[in-house]
Structures are given as C-alpha cells and as structure tokens.
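Here is a short briefing to read beside the model. Take a look at the chain first, and then walk through the points below.

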Amino acid sequence: MMPDKTIENGTESQPAVLSRLVDGVLELTLNRPKQRNSLSLAMIGELQRTIDLAADDRQTRVIVLAAEGPVFCAGHDLKELTAHRSDPDGGREFFAQTMRLCARLMQTVVRSPKPVVAAVHATATAAGCQLVASCDLAVAARSASFCTPGVNIGLFCSTPMVALSRNVSRKRAMEMLLLGEMISAEDAVDWGLVNRVVDDGGARDAAFAMARRIASKSAATVKIGKEAFYRQVEMPLGNAYDFAADVMVRNMMEHDAAEGIEAFIGKRAPIWRD
C-alpha cells in the first residue's frame, strides 16, 4: 500500500507518508523530515486515506505510526498556514479546513477498528503531541520529548488539548498547555501520555513487537474491544456497565470467543476465524 507522490511547493516530492505491511502490521511513516514532519494538508490527507483503507484491509491487523528525521512531528505546518493570511478572507477558510480535517484524522485514529501504536523516536509537539495522544498505545525513546507550546506563540493548543485531556490528568494537561514546556519521555510515561520508554533507537522495534503481539489475537475481538473502550469511557458508570455487559454477550456469541475458550480449556492454540 504505497501512496502516490505528493506535490508540495509546486514541485514533485517524496510521499508525505511511507507505507509498508509486514506480518499483519502496517507501518505508516511520516516523511517530511526537512519540515520536521509538520502536518501539512497533504500529509493529513495521506494519513487519512491510508488509515481509511486499512480499516477494511483484512491483511492489516495493527498500525504502527513512525517518522523519519530528527523530529517525530512538529504539529501543524505554520509556514503553510501563514501563507494563507494573504487570502481574501485572511486565511479563515483555509484555517478552518485544516483544523476540521486534522480533527477528522485524530478521530479516525481513535475509531479505526485496527489498533494504532505510535513509535516516538524524538520530539512531538502541538498537533504532533495530539497525534501521539490519539493513538491507542505509544512507545517513546528515552530522549523523546513532548510539548504543547502554542501558548508561547499566541496560539493556544486548543485542538491538541482534546486528545491530551483524555489521556493525562487535568492538572497535568493544564500544566502542559499553560506552561508550554517540554516534558521528558519519563514524565510522559508517568503522566499517562505514553505506555513505555525504551533506549534510543529502539522505539520502532518495541512498537512493532507490541503490534505483533496484538496481531496474533482475534481481529474480531480486538475490533469489538477497541470500539467498546472508547464508547464506555465517555459514559456515566451505570450506563458504561450496561453497555459493556451487552458487548460481552455479543462477544460471547462470536465464533472466536467460543474457539478461544475451548482452546484454553483444551490447552491448545486457538484458530481464529476473525
């Protein structure tokens, strides 16, 4: 699943997102290293397209999101946004389109039936930090860092705030949003923004190892579980239990649940039908 070449600054360039499928794991690599992997409209569109395609691709069981270059993702492409201030409306329509499509992408990551694991090898700021927070799981290199620095340039990180505040505590989220300071990978794992910290150079391998373990599970069960997790977490406690009980019953009626239980009792490896 290789994307077409993109057009940036009027010239043909390398794809904004590289793609490869290995052992059921689809690796999507942000590929604008000279632009610090900033989320241009082209990159947002390419990520949207590939994740949408992966949702219905039976060969893809898990997605790993990685990046090329010295920065994981620096957030929105501020040069691209600034260039549209000369539009007749001062850039309002382009700004609205960018934020709308970026918000759609983040929700697509959350709602994708395929788990998404971020492999963060370096700095993730603003919408880049938002992207990490939107992923289901995240592995960070020891020297990686995270920041929502919009307040420092007069542009509060309001959309990154949505994903951030759903992963870390309110006080920690406000600390990042109001101070605009970098936090370390160790703080990120302590605060709940990432799952694990590994030695430098090992984030991608660690993310792949995690993804392969997930890929060995029943895809149907993982899909049911991921969707249920994000739906129940927004519900009041009683409603969440009622909803989760219904999901358990539906899951129990699936072939893979019967197969998995029988395999466990029979002390054999299950054969998933997905």
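Glu175 is partly exposed, with a relative accessible area of 31%; the classes used here are buried for under 20% relative accessible area, exposed for over 50%, and partly exposed in between (1.4 Å probe, protein chains only). This is a predicted model, in which local features need pLDDT of at least 70 and side-chain atom pairs count only at pLDDT 80 or more, while totals for chains, interfaces and linings use all residues. Residues are numbered from 1 along each chain as its sequence is written, and side-chain values use heavy atoms, with hydrogens and water left out.

**Salt bridges**

- Side chains of opposite charge can pair when their charged atoms come close.
- Twelve salt bridges turn up in a search of the whole structure, each being a side-chain nitrogen of Lys or Arg within 4 Å of a carboxyl oxygen of Asp or Glu.
- Glu175 pairs with Arg172 in one salt bridge, where the closest N and O atoms are 3.2 Å apart.
- Both Glu175 and Arg172 sit in helix H6, three residues apart, which is about one turn of the helix; helices (H or I, at least four residues) and strands (E, at least two) are DSSP runs, numbered from the N terminus.
- Arg172 is partly exposed, with a relative accessible area of 31%.
- Another salt bridge joins the side chains of Arg142 and Asp199, at 3.3 Å from N to O.
- Arg142 belongs to the loop between strand E9 (137-141) and strand E10 (145-147), and Asp199 to the loop between strand E12 (196-198) and helix H8 (203-215), so this pair ties together parts that are 57 residues apart in sequence.
- Arg142 is partly exposed at 39% relative accessible area, whereas Asp199 is exposed at 53%.
- Glu259 and Arg268 meet through their side chains in a salt bridge of 2.7 Å, N to O.
- Within that pair, Glu259 counts as buried at 10% relative accessibility, while Arg268 counts as partly exposed at 39%.
- Elsewhere, Arg20, Glu27 and Arg204 are joined into one network by salt bridges that share partners.

**Helix packing**

- The axes of helix H1 (residues 41-55) and helix H3 (residues 92-111) come within 10 Å and cross at roughly 30°; axes are lines fitted to C-alpha atoms, for helices over the stretch in contact, and angles run from 0 to 180 degrees between N-to-C directions.
- That angle makes H1 roughly parallel to H3, on a scale where under 35 degrees is roughly parallel, over 145 roughly antiparallel, 65 to 115 roughly perpendicular and the rest oblique.
- H1 and H3 have a left-handed crossing, meaning that the near helix is turned anticlockwise from the far one by less than a right angle, with clockwise giving a right-handed crossing.
- H3 also packs with helix H4 (residues 127-134), at an angle of about 25° and with their axes 9 Å apart.
- That makes H3 roughly parallel to H4, and the crossing of H3 and H4 is right-handed.

**A nonpolar surface patch**

- Val151, Phe156, Met161, Met174 and Leu178 make up a nonpolar patch on the surface, with about 390 Å² of accessible area together.
- Patches are made of residues with over 30% relative accessible area and no salt bridge, joining like charges within 9 Å and nonpolar side chains (Val, Leu, Ile, Met, Phe, Trp, Tyr) within 5 Å.
- The areas come from the Shrake-Rupley method with a 1.4 Å probe, and for residues only the protein chains shown count as cover.
- Leu178, one of the patch residues, is found in helix H6 (residues 170-179) and is partly exposed, with a relative accessible area of 49%.

**Backbone angles**

- Most residues other than glycine have a negative phi, and most peptide bonds are trans.
- Arg36 has a positive phi near 60°, and the phi of Asn37 is positive too, near 55°.
- Arg36 lies in the loop between strand E4 (25-30) and H1, and Asn37 is placed in the loop between E4 and H1.
- Which of the classes, buried or exposed, fits Asn37? Asn37 is buried, at 0% relative accessible area, whereas Arg36 counts as partly exposed at 47%.

**Distances along the chain**

- Ser184, in strand E11, has its C-alpha atom 6.6 Å from that of Phe146, with their positions 38 residues apart along the chain.
- Ser184 counts as partly exposed at 29% relative accessibility.
- Glu181 sits in the loop between H6 and strand E11 (183-184) and counts as partly exposed at 48% relative accessibility.
- The C-alpha atoms of Glu181 and Arg273 are separated by 48 Å, and these residues are 92 apart along the chain.
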